[in-house]
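Student: I would like a close look at one part of this protein. Please take me through the aromatic rings, and then show me a few residues elsewhere for contrast.

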Amino acid sequence: RAERTEVLSEDLLQIERRLDAVRSVCHLAQKRLIACLQGQHGTDPDKRHKKLPLTALAQNMQEGSIQLSDETLLGKMLDTCGDAENKLAMELSQHEVQIEREVIDPLCLLTETEIPNIQKQRKQLAKLVLDWDSARGRYNQAHKTSGTNFQVHPSKIESLKEEMDEAGNKVEQCKDQLAADMYSFVSKEGEYARCFVTLLEAQADYHRKALAVIEKVLPEIQAHQDKWTEKPAFGTPLEEHLKRSGREIAVPIEACVMMLLETGMREEGLFRIAAGASKLKKLKAALDCSTSQLDEFYSDPHAVAGALKSYLRELPEPLMTYSLYEEWTQAANIQDQDKKLQELWRICNRLPEHYRVNFRYLIKFLAKLAQNSDVNKMTPSNIAIVLGPNLLWAKNEGSLAEMAAATSVHVVAVIEPIIQHADWFFPGDEDFNVSGVFVAVPAVNSNHLSHTGNDYECGTLERKRPLSMTVMEGDLLKKE
């Protein structure tokens, strides 16, 4: 056979050289894209959705919600999040089906069918060109020898010519078809490139829909979180805690005061003697997690007093507020007692409502505690010294020495007269059981308590679970 004749033009040869590169690049992109899919490739949306990891997560969350009950915060969160994750899984399965249909399948058609068909035609053309070259060689050889060799019959030469012409026609037909397919491939390159635009558009659409699912559920989750009353009280801003619990008096303040009214009013050195660290930590944790099991702490008034001091100290803003700090300190320096009391009274009435109500409650209790100072040794002055730093401090605190100096000069001079004249600053009796969750019952055996004129010490208290520590309904929120 003669050497093969090249029948393709230069532009077609250039297209031929690109075919392998295009097929390789698109095949690799298709393969990597399939690897990104979380669902099983080629399955219908429902089956794909069931097999997604997100769906398994959603099912696990919802099963956990049933196990924990949606009466708990965690149960509600699991149920709501599980539903959201299931919707996200549905969006993902639909997205992946779309990617397969509009991106992966066209790339697969290009790399597995269209380009291989063109390459197959190219091989066929090469074979036909070889056949044509061979037929032409035989014809030329016969025609060349016919002049010297009279044995070559003219009919044989004619037959070889027909064979050559037929082979040439086949080459032309195949070449025309191949050229048409190659030019078609080039003209459709924009369609192939469009697949990658479609990929990004589909991803953008999926992320928008997924974001919409999340943004819709986030307020619902936040609402569950905000409505849930059993949140830590220690370290939480006073307004936030009162709003969340639907109370007038903060849980740790009322709970500690009610326990101290029963067992701590005659305890020597209350608020001054430190409690055991482990006992104090346990009580704070019990108040934070809203447990009703506080009975064991009634026998340790120093731990209760320590918990009350800790709550006041851990408030993000002191009970007597940062905004009035300068006014309090200036009032402390007034020498005339009457003018000083008048100024302190004016500042008390400038406290924000929530702070004023809780400050009044606490001062009325401290005044009652000071009435037993002959037994408990806690005079208004002593109370002011040990408790004052937990009620008022500067926003930008200095060194410990500076804080101590400020305490001795200002805070004691403010707190002591307010405790001494509690009924003048805050007229009227104080119902310490303001939430109504502590109910006085006749004492069964209370020989360890002495009668001091305090109604709460005439017997024991039936200790119910504080109202803010349960799910509160209807009129239970209202003060008796």
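**A close look at aromatic rings and some single residues**

Tutor: T321 is buried, because its relative accessible area is 1% and the cut-off for buried is under 20%. This is a predicted model, so each value here is computed from predicted atoms. T321 sits in the loop between helix 10 (301–314) and helix 11 (325–332). The phi angle of T321 is near 70°, which is a positive value in a residue other than glycine.

F271 can be described in a similar way. Its phi is near 75°, again positive in a residue other than glycine. The loop that holds F271 runs between helix 8 (251–263) and helix 9 (277–288). With a relative accessible area of 2%, F271 is buried.

Now to the rings. A pair of aromatic rings is described by two things, the distance of the centres and the angle of the planes. In the whole structure, a search finds seven aromatic pairs. One of them joins F359 and F426: the centres are 6.1 Å apart and the planes make an angle of 80°, an edge-to-face arrangement. This pair links distant parts of the chain, as 67 residues separate the two. F359 belongs to helix 13 (residues 353–370), while F426 is in the loop between helix 17 (422–425) and strand 1 (438–440). Both F359 and F426 are buried.

W424 and F425 make another pair. Their ring centres are 5.0 Å apart and their planes stand at 85°, so this pair is edge-to-face; the angle has to be over 60 degrees for that label. The two residues can be compared by their accessibility. W424 has a relative accessible area of 38% and is therefore partly exposed, whereas F425 is buried because its value is 4%.

F359 and F426 also appear in a wider group: together with W328 they form one aromatic cluster.

For contrast, turn to charge on the surface. D70, E71, D79 and E220 gather there in a patch of negative charge. Among them, D79 is found in helix 4 (residues 73–145). D79 has a relative accessibility of 36%, so it counts as partly exposed. That label covers the range between buried, under 20%, and exposed, over 50%.

To locate these parts in the picture, start with F359 in helix 13 and follow the aromatic pair to F426 in its loop. Then find the buried loop residues F271 and T321, and finish at the negative patch that includes D79.

Technical notes. Residues numbered from 1 in each chain as written. Predicted model: local features only at pLDDT ≥ 70, side-chain atom pairs only at ≥ 80, totals over all residues. Heavy atoms only, no water. Patch = residues over 30% accessible without salt bridge, like charges linked within 9 Å, V, L, I, M, F, W, Y side chains within 5 Å. Areas by Shrake-Rupley, 256 points an atom, 1.4 Å probe, with all protein chains shown as cover. Salt bridge = Lys/Arg side-chain N within 4 Å of Asp/Glu carboxyl O. Lys, Arg positive; Asp, Glu negative; His and termini not counted. Charge placed at Lys NZ, Arg CZ, Asp CG, Glu CD. Helix = DSSP H or I, 4+ residues; strand = E, 2+ residues; numbered from the N terminus. Buried < 20%, exposed > 50% of the residue type's maximum accessible area, 1.4 Å probe, protein only. Phe/Tyr/Trp six-rings, centres within 6.5 Å; stacked < 30°, edge-to-face > 60°.
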